[in-house]
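Biologist: Could we go through this model together, one term at a time? I would like to hear how each label is earned.

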Amino acid sequence: MRVRRMTAAAAAAAVLTLLGGTSPAAAGGTATDPSAPATVPAGQGATQGRAEAGKAGSDADASAVIRCEGQVQRPHNSTHVPGTVNVVVTVSCTAPVPEITTRAALYKNGQLVNQSALRTQTNTASGQNNAAVRCSPGNYRGWMYFKVVFPPGYEPPTASANGFGQEVPITC
Amino acid sequence: MRPTPARLLRLRVTRLDAAADPAAGAGALLRHFTSVMPLWTEPEMTALAGGPAVVDPTEADAAADECLLLRLLAREEPGIVRGPLDRARQHWIGTAPHELAPARRPVPRREAFRAPGSDPGPPSTKPFHLGLYTSTARRDGPGMWRTYLDQGSSLHPRPWHTWELRADPAAEVLEIDGAAAWAAFVRRYPLAHDGSVFPDWRRAAGDFAGVHMTLRAIVATQGFGVRVGGGVAAVPYWDVESSLWLRWVFGEPGLVGVAGPDGE
């Protein structure tokens, strides 16, 4: 039991180190649900966001830890709306959780060109959001923020992460 | 070393089968399919394969046949998985206008239908500028396009108007049930452009009222080229089971329902 709690605490600390580079003061952002930064930091590579929480339980209890992973897909020419560049961000958890909140953002040549509203999905093991703009040739990259509210009894009760995806050149 | 196309197909099947629960109903299985396949986009394929990926149609179809998810779906919805198309259960959904798609209308209208050749647009494996797309409604629920919309996309704001379109039973529909059928289709109606071979939808419309892209074909072809004659077919990205109608062969549309801004 003690080992599991330490694991959860350690995991929570690892999650917190993934935060940063965002400005809650931007339009639509709050201290807990940040908006996308206006520009991509110089030298920024792709990052990966994870959030997890644990509860007291036996080492053999797989449900004692819920892990959620965020992924920023590569922006692409939309195959459903012509003339549009779209980026999809996803969250996948190892078990259903009460809430997953996501925000997606799209950058062109290092500049923010669009960000989505926050989207909260409830009682689910997955979440998804997207951001899109009219296509013009350039280098595009996505960004995501996500926050997870874990079930009662899990520690920490919430966790969040954010990060950038891979940059890709897009012609229209 | 980059993975081979065959290995990419196995990876795709593995991801699809991650939720292949025999106890799950068709709705849950289709939701999982819809959560997986649209993520196989052109940039993702390029990154995975390190460049254009060309598959052997027979190998691709064999890989699709290994997919447990498809086998489970075929028990309840065989037409969605491999055809034939159920002409009586075709759904078209009109989503609200968006600044990037301002001309959308909530009602399918024959007057707005553009047959291939009436307005030449760029060659495409899934053209936007002509015809009309429907998805087959499940026996106990909506079609896959509605399932895709339910995942959430800012590009398709509500309200969503779902219409039933009953196709003329005599209308000829070409079934694309796999990579071999896709290759045969492109080989039969080739349009060479910019180093790839696209389907010539105008010529296809002379023989068929519609083309039905099944789930088995999507699994086997999405993101991959196939050799056709002296070239490689352009890569298709259809995402979900759909039919492209090249002629208006419907009776009066029937409104199934409206999903308003706050949901149904």
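**Terms and values**

Modeller: Gladly! Of the 264 residues in chain B, 45% are buried. The model is predicted, so local features need pLDDT of at least 70 and side-chain atom pairs pLDDT 80 or more, while totals for chains, interfaces and linings use all residues. Residues are numbered from 1 along each chain as its sequence is written, and chains are lettered from A in the order in which they are written.

Biologist: What makes a residue buried?

Modeller: A residue is buried if 20 or more other C-beta atoms, placed from the backbone, lie within 10 Å of its own (exposed: 12 or fewer; partly exposed: in between).

Biologist: Why is chain B called as compact as a globular protein of that length?

Modeller: Its radius of gyration (over C-alpha atoms) is set against the globule rule, 2.2 Å times the number of residues to the power 0.38. Chain B has 18 Å, close to the 18 Å from the rule for 264 residues, so the description fits.

Biologist: How do you know which residues of helix 4 of chain B meet helix 8 of chain B?

Modeller: Contact requires C-beta atoms, placed from the backbone, within 7 Å. B:Pro57, B:Thr58, B:Ala60 and B:Asp61 meet B:Ala179, B:Ala180 and B:Ala183. Helices are DSSP runs (H or I, at least four residues; strands: E, at least two), numbered from the N terminus.

Biologist: And what angle do helix 4 and helix 8 of chain B make?

Modeller: About 145°, with the axes 7 Å apart. Axes are lines fitted to C-alpha atoms over the stretch in contact, and angles run from 0 to 180 degrees between N-to-C directions.

Biologist: How many residues does each chain give to the contact between chain A and chain B?

Modeller: Chain A gives 23 residues and chain B 18 residues. Seven on the chain A side, the largest share, come from strand 6 of chain A.

Technical notes:
Contact = placed C-beta atoms within 7 Å.
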